[in-house]
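Work through the exercises below with the structure in view. Try each task before reading its solution.

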Amino acid sequence: MAEAHQASSLLSSLSSDGAEVELSNPVWQEIYLSGLRSWKRHLWRVWNDFLTGVVPASPLSWLFLFSAIQLAWFLQLDPSLGLMDKIKELLPDWGGQHYQLQGLLAAALFASCLWGALIFTLHVALRLLLSHHAWLLEPHGTMSSSTKTWLALVRIFSGRHPRLFSFQRALPRQPVPTAQESVRKYLESVRPVLGDDAFDRAAALASDFLRLQAPRLQLYLRLKSWCASNYVSDWWEEFVYLRSRGSLMVNSTYYMMQDFLYVTPTPLQAARAGNAVHALLLYRHLLNQQEIPPFERIFNTTRVPGVEKDCLHHLQDSRHVAVFHRGRFFRVGTHSSNGLLSPRALEQQFQEILDDPSPACPLEEHLAALTAAPRSMWAQVRESVKNHAATALEAVEGAAFFVSLDSEPAGLTREDPAASLDAYAHALLAGRGHDRWFDKSFTLIVFSNGKLGLSVEHSWADCPVSGHMWEFTLATECFQLGYAADGHCKGQPDPALPQPQRLQWDLPEQIHPSISLALRGAKTLSGNIDCHVFPFSHFGKSFIKCCHVSSDSFIQLVLQLAHFRDRGQFCLTYESAMSRLFLEGRTETVRSCTREACRFVRAMEDKEKTDQQCLALFRVAVDKHQALLKAAMSGQGIDRHLFALYITSRLLHMQSPFLTQVQSQQWPLSTSQIPVQQMHLFDVHNYPDYVSSGGGFGPANDHGYGISYIFMGENMITFHISSQKSSTKTDSHRLGQHIEDALLDVASLFQAGQHLKCQFRGRGENSGYRHGFLSSKTVDPKVPTTSTNF
């Protein structure tokens, strides 16, 4: 995703005007600070969980244990085997009249000790169970009896209703791979894209590194893995994201276009915003109650710019959202003394903003362009903004999230479906350069025709987290909250509701040149991005399942074939994989351009190769990709390990030509699958109009592609492709055509000489944008629209 761009710019983030920046903290101090941050975060969570009655376990479980001990004592049984009598002897002698109270206190102390011991045992057992990753190595689509037993034990030890952080203390720490294994895998991954001389030089550098520097660096990394929750995640956040000095727009943002592709539940912009904001805050409420499993910094979070590095500022709570419309900023309260405002009340406030005819103040209209500027520049200007408009800045940065009410429509249209989706994606990724507050964790974008989308800043979490939230939001605002027959949110307006507060920016004229410069840069960056979105409906996951291969591996090999046809060469390919099996794990890189994949691609382009030969090579390449994916998920990837070794070498002021070469690599092809995590919320079989369309991100370098894809239902795959218009080597639409052709060519291998139960539509048959779609309609009356309140 966008992390590929940030990772490839790591060297530039650690340099200034061509000279390397010396990291001021010694390695011992960095390890100490990592451990301190981990323990502070751990203790805060324990305290917060204790206050909410979640940890160490439910108070009801302690009460049940205490009652059982009292019942046994009443029946003249001693479950403590004499320990309660020992506890009584240690208690003060309060006289005969307090004998029963002394007994109750002894029973309570024994119950607490037994309760804590049982919980500790359960956590240790659960950690041992979650350290087992052999199930990842099993063949696709099969489950051994040992894995079934393991899964049953996990369910038993995790309890009936696990909370958000129930597994956090039980997750194992991410292991530090051996340097020899990571270097071997690295050399294997670059062999397909390097010539013989270049590969020999890389191998020589690797050999010197293993002999001279690796042992010492490994020692420090292992020490960090013992002190900190995760040996790489905090450095990944700091050096890849927060120290990056480039623009956040496009480079460190991605977009979620997972609104319904063929349906708009209501054409009323304010109504859609009201339901969506209400649903998002319902999600936050469930998050605070630890009833859903994403990430804690999704709301109330802002990336605050700094001269050398940014910091993530997270608030415990926020009871308002910041809203942008036609160059003006507003503060909209989301709660009253009775709790969260109803969707109708929120709609009422948004409509007042839309109806407000007042113009933007001087310097206000394009102020948000500063958040798209280089970070050092924005950090310096922000001090002036803070000095002159502290209240307004605090209202924006302290909001639960940012809302942009766009003045233009978006979404799929009958007249030009391809161009309309491309424009929709571009509006979400970059907007107009001054209508998103890119520092916020995410911006909810509501277009004038009721279409929705998200622009998400990448540093605080990865795509599956925001994807989980967005799936819940769409399902809740459409299928549970619903809309009235006239398109408004359900309920009645409240005449006593306070009006939105217009934010006042009393800014000095001296910052006008900075705003103008930031706006020009943002428009240049936005205008250079080429976005292309196309839904492929010749076949989908159902057909791929019939082929008995992994759907992700299938697409990755298709992308290799399509890219080779587009560029005539192979390149390093970045595929993001999750490492959430470990404590505070984030992502790992799967290097999808393997020697096995290259052999398959060359066979496909060789007319002398038969379909059977190509299919055999395809299956070998799939097995290799699956092995790499499973290694990445189980902590045996190479890129995060080599990254951590590089940071350690910089902290030690140790020159490593090999690690410098590794970190200077570029990713011409950056790919990611957007997961659908809550299929029960999207019953596409009964409501096929409510299919979603995924999201995307910018390219990782000037002459590369950014590609994301999502499987919706069983018969559709939507691709999002981005590139730079200034590049003479890339063209998003051209690559899109190559992807479609490659998909059909690979699918034909399985049908040639095989009798598959699943069929697919060939070339020339209707596919892509569904014939006769509805670009805007109200919710189908068959869809349940039960209100949700708390």
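The protein's secondary structure comes to 25 helices and 20 strands. The model is predicted. Of its 790 residues, 58% count as buried. Among contacts with a separation of 6 or more, 80% are between residues 24 or more positions apart.

**Exercise 1. Follow a chain of rings**

Find how Phe554 and Phe618 are arranged, and state which parts of the chain their pair ties together.

Solution.
- Step 1: Start with the total. The whole structure holds 29 aromatic pairs.
- Step 2: Take the pair of Phe554 and Phe618. The centres are 5.7 Å apart and the planes make an angle of 75°. Planes over 60 degrees apart count as edge-to-face, so this pair is edge-to-face.
- Step 3: Place the two residues. Phe554 belongs to helix α20 (residues 551-567) and Phe618 to helix α22 (residues 611-633), so the pair ties together parts that are 64 residues apart in sequence.
- Step 4: Check the burial. Phe554 has a relative accessible area of 0% and is buried. Phe618 is also at 0% relative accessibility and counts as buried.
- Step 5: Go on from Phe618. Phe618 forms an edge-to-face pair with Phe750, at 5.6 Å centre to centre and 85° between the planes. Phe750 lies in helix α25 (residues 732-751), and this pair links parts of the chain that are 132 residues apart. Phe750 counts as buried, at 0% relative accessibility.
- Step 6: Widen the view. Ring pairs join Phe554, Phe618 and Phe750 with Phe536, Phe539, Phe543 and Phe600 in a cluster.

**Exercise 2. Judge a helix crossing**

Are α22 and α25 roughly parallel or roughly perpendicular to each other? List the residues that make their contact.

Solution.
- Step 1: Read the geometry. The axes come within 9 Å and cross at roughly 110°.
- Step 2: Apply the cut-off. Angles of 65 to 115 degrees count as roughly perpendicular, and α22 and α25 are therefore roughly perpendicular.
- Step 3: List the residues. From α22 come Asp611, Cys614, Leu615, Phe618 and Arg619; from α25 come Val746, Leu749 and Phe750.
- Step 4: Sort them by class. The contact has six nonpolar, no polar and two charged residues.

**Exercise 3. Explain an enclosed helix**

Why is helix α21 described as largely enclosed by the rest of the structure?

Solution.
- Step 1: Count the buried residues. Helix α21 (residues 595-604) has 10 residues and seven of them are buried, so the helix is largely enclosed by the rest of the structure.
- Step 2: Name them. The buried residues in α21 are Glu596, Ala597, Cys598, Phe600, Val601, Ala603 and Met604.
- Step 3: Look for the cover. What covers these residues includes α20, α22 and α25.
- Step 4: Connect this to Exercise 1. Phe600 is one of the residues in the ring cluster.

**Exercise 4. Inspect two acidic residues**

Which residues does Glu397 touch, and which are in contact with Asp234, leaving out residues up to four places away in sequence?

Solution.
- Step 1: Place Glu397. This residue lies in helix α15 (residues 390-397). Glu397 is buried, with a relative accessible area of 9%.
- Step 2: List what Glu397 touches. Beyond four places in sequence, these are Thr302, Arg382, Trp437 and Lys440.
- Step 3: Compare sequence with space. Glu397 and His313 are 84 residues apart in sequence, while their C-alpha atoms are 8.7 Å apart.
- Step 4: Turn to Asp234. Helix α11 (residues 233-242) holds Asp234. Its relative accessible area is 19%; residues under 20% count as buried, so Asp234 is buried.
- Step 5: List the contacts of Asp234. With neighbours within four places set aside, they are Ser34, Arg37 and Lys224.
- Step 6: Follow Lys224. Its charged end sits over the ring of Trp235, 4.4 Å from the ring centre.
- Step 7: Add another charge over a ring. The charged end of Arg191 sits over the ring of Phe199, 4.6 Å from the ring centre.

**Exercise 5. Find positive phi values**

Where do Val250 and Glu584 lie, and what is the phi of each?

Solution.
- Step 1: Recall the background. Most residues other than glycine have a negative phi.
- Step 2: Take Val250. Its phi is positive, about 75°, although Val250 is not a glycine. Val250 lies in the loop between α11 and β3 (253-256). At 4% relative accessibility, Val250 counts as buried.
- Step 3: Take Glu584. Its phi is also positive, near 60°. Glu584 lies in the loop between β15 (573-578) and β16 (587-591). At 19% relative accessibility, Glu584 counts as buried.

Definitions and conventions
Residues are numbered from 1 along each chain as its sequence is written. This is a predicted model: local features need pLDDT of at least 70, side-chain atom pairs count only at pLDDT 80 or more; totals for chains, interfaces and linings use all residues. Side-chain values use heavy atoms; hydrogens and water are left out. Rings of Phe, Tyr and Trp (its six-membered ring) pair if their centres lie within 6.5 Å; planes under 30 degrees apart count as stacked, over 60 as edge-to-face and the rest as tilted. Helices (H or I, at least four residues) and strands (E, at least two) are DSSP runs, numbered from the N terminus. Buried means under 20% relative accessible area, exposed over 50%, partly exposed in between (1.4 Å probe, protein chains only). A charge sits over a ring if NZ of Lys or CZ of Arg is within 6 Å of the ring centre and within 35 degrees of the ring normal. Axes are lines fitted to C-alpha atoms, for helices over the stretch in contact, and angles run from 0 to 180 degrees between N-to-C directions. Angles under 35 degrees count as roughly parallel, over 145 as roughly antiparallel, 65 to 115 as roughly perpendicular and the rest as oblique. Contact means heavy atoms within 4.5 Å. Ala, Val, Leu, Ile, Met, Phe, Trp, Tyr, Cys and Pro count as nonpolar, Asp, Glu, Lys and Arg as charged, and the others, Gly among them, as polar.
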